[in-house]
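Let's take a friendly walk through this model, chain by chain, and then stop at a few individual residues. Please keep the sequence and the 3D view open as you read.

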Amino acid sequence: MLATLFGFVYQVADTFAFLILSASGLAIIFGMMGVINLAHGEFIMCGAYVTVLSARAGLPLPLAMLLGALTAGVVGIVIEYLVIRRLYKRLFDSIVATWAISLIATQGMLIVAGPSIEGLKTPFGSFEVGGLSFSSYRITLAAAALLILAGIYWLFVRTKFGVRARATIQNPAMARALGVDTDRVYALTFGLGAALAGLTGALYAPTMTTVPTMGSAFIVQSFVTVVVGGADVFLGAAPAAAILAFIQSLLTASYGQLIGQVGLLVTVIVVVRILPKGISGWMLRDSN
Amino acid sequence: MAALLETRGLTKYFGGLYAINGVDLTIDAGEIRCLIGPNGAGKSTLFKLIIGTYQPTGGTVLFGGADLTLLKPYQRVNQGLSIKFQVPGIFLDLLVDQNLRIALQQKSGPHEIDEEVDRLLDFLDLAQSRDMQAGNLSHGQQQWLEIGMAIALKPRLLLLDEPTAGMSPEETFKTGELVKRLNAEGMTVIVIEHDMTFVRQIAKKVTVLHFGKVFDEGSLEDIINSDDVARIYLGKD
Amino acid sequence: MRRTGLLALFDGPQTAWNGMSFRLCFVLAVLALATVPLYAEFFVVNNLAYFLLWTFMALGLSLIWGYAGILSFGQTAFFGLAGYGYGVVSINLGDAHGLTWVAFLAALVLPALLAALIGYFMFYGGIRDVFVGIVTLSITLVFETFMAQTAGPEWHIGSARLNGFNGMSGMPALTVPWFGGEDVMLDGNTFFWFVLALLVVVYLALRWLVNSRFGNVLVAIRENPDRAEMLGYNVRRYQTIAFVIGGTLAGVSGILYTTWGSYITPSSMGLTSAALPIIWVAAGGRKDITATMVATVFLIWVSQTLAVKGAQYALVLMGVLLLLVVLLAPEGLVLATVRGIRRVVLRVTGRRVATTAMAKRTEGS
């Protein structure tokens, strides 16, 4: 009995971590810049591939993961400069453009690296509770998710960069008048979102097969979390991830994987209908 | 005589305050009413409540005696209301001719519509620009085009939100004459305006809004000469 | 814009090319295509039919996105639904006595109903802009996820097994019952002529629709939905109707695809497949149905040629193309090319006219 309960809590925590990690990069880019980045899954893939390749080449795993995140961040900055920058006023076009980038990245990776590369083993082994075994690594991931949330909060509320970034997003003209290099802020924010995606890929690389289309496993979940959460990362994405993790775990435990997945998608459809601005939009509704 | 438009205790709460706080307004058919007041008084909000973009927190809007609350904006337009918002709202990428055609095609059959378009173009003094992209018109011309679209449906009540914003004095005067002509042909008009010259040109009766309430109401002369009204503009409150 | 006469119904501001010279080109093009089976091999004709059958979905998306301004990622959901629908009904009913046409109609009703339901839910629920894209993409992925899980023998409707990831196959081709003799199966040349005829009918119908009052309101909604509402139009209703037409057209493509190859798989509703109609429509010029149609056929031909080396090369090129179009020629390549050519021609002929006029003036003085 206790084991089943622990199992359920574990499942919720695991899904919560997955959703938060998947969504954080997307939430920053969408929430702060209003850009729908359909290439989000490919930044995740980039982080995963770099991690796997550098770990296999001898780099210690934590460093390999860092490298994965950094690479994704740099690629993000480049893409922001080349493509996204021209499309800030054109929402539809930025959606289509990032979708094009996603297509180029996945098919390009297929051409360059083939259908899959040899992956990594999941570290830390497993532990047992009441006869059921659980992965210790995934507990680590749950802890990592919380750490990252704290890190994002600290960055945007306590550092100069964070304050400048939020000012630029709220009122770019004013920020520029106050001497903020808004171009640099946009590039760095997008790069940060990409780096977070890369970090997600890096963290999950030891638990998945490394294929060029691996990003697609994350993209639906991340979009769902961001849409349900609304534009604010903290007020929105975190509670959204918690609620969605609960819903998905409940449905999966009762009816299986498929219904769990479908349930998530149905949730986003319903939430968009009832709370068009997401959870954070609803919470902030009277303070406009 | 039954009022054409009536609001009773109209209230709208959002953003932590009462944007409109118990407004009782009565407009009779044939009036040109000017709605003035300092920024933030709630004038545009009032228009949005009348046309249905916003739902009131309390109170009702009656048009020709009928309660409008359940009607969506397009239904209110089909009842005889029409609005020109502050922010210009024409179809910028389409031709001037097309803009008017889309406005007219609801009420005009395929045989009359060509004449109607011509007539409107002449009325608005835009005949020579008919094949231009609407986005290429001057600001003043865009405003007139939009007014033209708003009157194409021959509404009983026309709401104009700062129609002369950004216009030169000549354009402003022309707009005033246009409004007076429409009124002479039987259209009731409510105008939100900041430009007191324009108000003097067209208004018969003036309502002053302040902090979401009706502060004062009366003939043009009374309002212009009122010390209280001058004070709220100078920010004493 | 004075329009008189029957032919003028197909002309108007919402189609880029109008008038006699265009009509002539159009008739010539149709005749040229119609005569291909008379001299070309089976493979070529069959391939041409393949190119043409996708255009219905592209035209539908052009209507929804280019004319009504609704970016839907969900056209492949209607495509797949109709394809599977045809498979299920035709496998169960068989192909005698023209029953395949019952399957055809039934399979069209499905996406129409789904589109009506989704459209009502979205537009009457106030879902706008990017969230329409998210909802429609989610629905497509739900379908794909669901169908991919239907591998076991317990997943069947009547005698039609859904077959999960591998997809459904073995459905009969469309057959036309012929009096006093064998049923005519639409295959090869006959299938090609059927698709071509259907395309001409649909294209003309759409030309009429977008240039009509309905079409005027659609573009008004695309340009400024609030102003359209304030002119007394029930914006939601127009959006839903456009969405239903677009979804049904995607269904036409789905049915034709299924009968052409006698199979339908869940991957036709996956993320990559959902991107393809967006690419064709954006690259061609979403605001014009003719540009869309031409671009779709061209791009599918290009992809097919490249796919010989590997599908991924074709897709990378599609991605690059889409990116370039968005950044450099957002109105679409076909439209941009034609406008560019026209500008060059004008400059050349313009100069000639000026020289003649100047020559006449100097002569006269």
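The report below starts with the chains as wholes and then turns to single residues.

This is a predicted model, in which local features need pLDDT of at least 70 and side-chain atom pairs count only at pLDDT 80 or more, while totals for chains, interfaces and linings use all residues. Residues are numbered from 1 along each chain as its sequence is written, chains are lettered from A and ligands numbered from 1 in the order in which they are written, and side-chain values use heavy atoms, with hydrogens and water left out.

**The chains as wholes**

Helices (H or I, at least four residues) and strands (E, at least two) are DSSP runs, numbered from the N terminus. On that basis chain A has twelve helices and two strands. Reading along the sequence of chain A gives the pattern α-α-α-α-β-β-α-α-α-α-α-α-α-α. Chain B holds nine helices and ten strands. The radius of gyration of chain B is 18 Å, close to the 18 Å from the globule rule for 237 residues, so chain B is as compact as a globular protein of that length. Here the radius is taken over C-alpha atoms, and the rule is 2.2 Å times the number of residues to the power 0.38. Chain C has 14 helices and six strands.

The other two chains can be held against the rule as well. For the 288 residues of chain A, a compact globule would have a radius of gyration near 19 Å, and the 19 Å of chain A agrees. For the 365 residues of chain C the corresponding value is near 21 Å, and the 23 Å of chain C agrees.

The table gives the spans of the C-alpha atoms along the principal axes.

| Chain | Approximate span along the principal axes |
|---|---|
| Chain A | about 65 × 50 × 35 Å |
| Chain B | about 50 × 40 × 35 Å |
| Chain C | roughly 95 × 55 × 45 Å |

Next comes burial. Buried means under 20% relative accessible area, exposed over 50%, and partly exposed in between (1.4 Å probe, protein chains only). In chain A, 53% of the 288 residues count as buried. For chain B, buried residues make up 54% of 237, and for chain C they make up 54% of 365.

Contacts (heavy atoms within 4.5 Å) can be sorted by sequence separation. Among those in chain A between residues at least 6 apart, 74% join residues at least 24 apart. In chain B, residues 24 or more positions apart account for 66% of the contacts with a separation of 6 or more, and in chain C they account for 75%.

What do the surfaces consist of? Areas come from the Shrake-Rupley method with a 1.4 Å probe, and for residues only the protein chains shown count as cover. Carbon and sulfur atoms hold 68% of the roughly 12,700 Å² of accessible surface of chain A. In chain B they hold 51% of about 10,100 Å², and in chain C they supply 69% of about 15,800 Å².

For charges, Lys and Arg count as positive and Asp and Glu as negative, leaving out His and the chain ends; each charge is placed at NZ of Lys, CZ of Arg, CG of Asp or CD of Glu. Chain A carries 16 positive and 10 negative side chains, with the centres of the two sets 7 Å apart. Chain B carries 23 positive and 31 negative side chains, with centres 5 Å apart. In chain C, the mean positions of the 22 positive and 15 negative charges are 18 Å apart.

**Three residues**

Thr140(C) sits in helix 6 (residues 129-148) of chain C and is buried, with a relative accessible area of 0%. A polar atom of its side chain lies 2.9 Å from the backbone oxygen of Thr136(C). Beyond its neighbours within four places in sequence, Thr140(C) is in contact with residues including Phe73(C), Ala77(C) and Met269(C).

Thr55(C) belongs to helix 3 (residues 55-67) of chain C. Its relative accessible area is 1%, so Thr55(C) is buried. The side chain of Thr55(C) reaches the backbone oxygen of Leu52(C) at 2.5 Å. Leaving out residues up to four places away, Thr55(C) touches Leu199(C), Ser253(C), Met293(C), Thr296(C) and Val297(C).

Ala142(A) lies in helix 5 (residues 136-158) of chain A and is buried at 16% relative accessible area. Not counting residues up to four places away, Ala142(A) touches Ala13(A) and Ala17(A). The C-alpha atoms of Ala142(A) and Gly256(A) are separated by 22 Å, with their positions 114 residues apart along the chain.

Terms used. A polar contact is a pair of N or O atoms within 3.5 Å; within protein, one must be able to donate a hydrogen and the other to accept it, and residues adjacent in sequence count only if both atoms are side-chain atoms.
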